[in-house]
Amino acid sequence: MTNEAPESRWFHLCMKADLAAPNAFVTTRVEAVPLVAQNIKGRVVAFRNVCTHRFAVIHGEPSGCGPLRCPYHGWSFDADGVPVGLPFNPTDFQLEAEGRRRLALHPASLARCGRLVFIRVAAEGPSLEEELGAAHFARLSALSAAFPQRGDALEPAEDWERIEAANLRLHLAPDGALVLHSAAPTGADRRFSRTVTFYPAATPITTNAEVPA
Ligand code: FES
């Protein structure tokens with residue numbers, strides 16, 4: 001972890017599978033900046049979760065499934081962040097292609113480490129691997145791949161191995177479970193913290209199994 005400003009740092013957001021479905025989205029907040037990662041027609045992209053019309057928050061929930069459409073005047077945005085659906089455009093907004101492009105959403109950064117998805121406010125900066133370090137990055141990637149099955153929540157015990165990266169704390173059980181706790185980024189409230197338990201592929205589980213593609 002670096003001492004840089006929160007806007008310049010990577011934060012763990014979710015798992016890759018959380019964004020696999022068309023229109024799936026996950027939101028968070030870093031300081032005062034709301035962020036969203038969204039699947040738009042198979043492309044997973046990230047923006048500031050703020051409409052460029054009157055600056056309303058677009059998605060109010062921590063996660064869900066629905067188009068990237070502002071709840072106020074119904075503008076919807078494509079995978080480049082450009083408003084493409086503007087109800088009453090001919091009478092209310094009169095925006096042609098160039099005007100729409102100027103009102104594109106502000107991009108954020110996304111990175112993947114194995115099945116873990118990270119997000120950053122700044123569109124430019126060091127890669128996730130550079131921030132975490134190559135060895136740490138490789139370990140996280142391997143761990144995320146080795147525990148593909150989502151299961152019931154577990155409370156980590158004292159003797160579990162603990163690994164930290166960015167806002168992420170992983171607890172690794174000796175007998176095969178991985179609890180992943182993602183703390184809310186700096187300045188965000190607790191609804192943006194996430195905890196999930198995973199099991200290795202060979203371990204049979206009976207509840208909430210979700211095997212990503
Ligand atoms: S504030 Fe978003 S469409 Fe008007």
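Here is a quick briefing on the fold, one sheet and a couple of ring contacts in this protein. The model is a predicted one, and the protein holds 4 helices and 14 strands. Its 213 residues give a radius of gyration of 19 Å, which agrees with the value near 17 Å for a compact globule of that length. A search through the whole structure turns up 1 aromatic pair.

**Overall build**

- Laid along its principal axes, the C-alpha trace of the protein spans about 65 × 40 × 25 Å.
- Of the 213 residues in the protein, 46% are buried.
- If you take the contacts with a separation of 6 or more, 53% of them come from residues 24 or more positions apart.

**A three-stranded sheet**

- One open sheet has 3 strands in the order β1-β9-β8, and the pairing is antiparallel.
- β1 (11-15) and β8 (109-113) are the edge strands, each pairing on one side only.
- From one strand to the next, the twist averages 35°.
- As for what holds such strands side by side, strands of a sheet pair through backbone hydrogen bonds.
- Between β1 and β9 (residues 116-120), which run antiparallel, there are 4 bridges.
- Looking across from His 12, you'll find Phe 118 of β9 standing opposite.
- Helix α4 (residues 134-146) lies across β8 and β9, and its run makes an angle of about 70° with β8.

**The aromatic pair**

- The 1 aromatic pair from the whole-structure search is made by Trp 75 and Phe 93, set edge-to-face with 5.2 Å centre to centre and 90° between the planes.
- This pair links distant parts of the chain, with the two residues 18 apart.
- Trp 75 belongs to the loop between β5 (63-65) and β6 (76-77), while Phe 93 belongs to helix α1 (residues 89-93).
- Trp 75 counts as buried because its relative accessibility is 2%, and the cut-off for buried is under 20%.

**A charge over a ring**

- Elsewhere, Arg 115 lies over the face of Phe 198.
- The distance from Arg 115 to the ring centre of Phe 198 is 5.3 Å.

Notes. Residues numbered from 1 in each chain as written. Predicted model: local features only at pLDDT ≥ 70, side-chain atom pairs only at ≥ 80, totals over all residues. Heavy atoms only, no water. Phe/Tyr/Trp six-rings, centres within 6.5 Å; stacked < 30°, edge-to-face > 60°. Buried < 20%, exposed > 50% of the residue type's maximum accessible area, 1.4 Å probe, protein only. Lys NZ or Arg CZ within 6 Å of the ring centre and 35° of its normal. Pairing = 2+ DSSP bridges. Axes fitted to C-alpha atoms, helices over the stretch in contact; angles between N-to-C directions. Contact = heavy atoms within 4.5 Å. Rg over C-alpha atoms; globule rule 2.2 N^0.38 Å.
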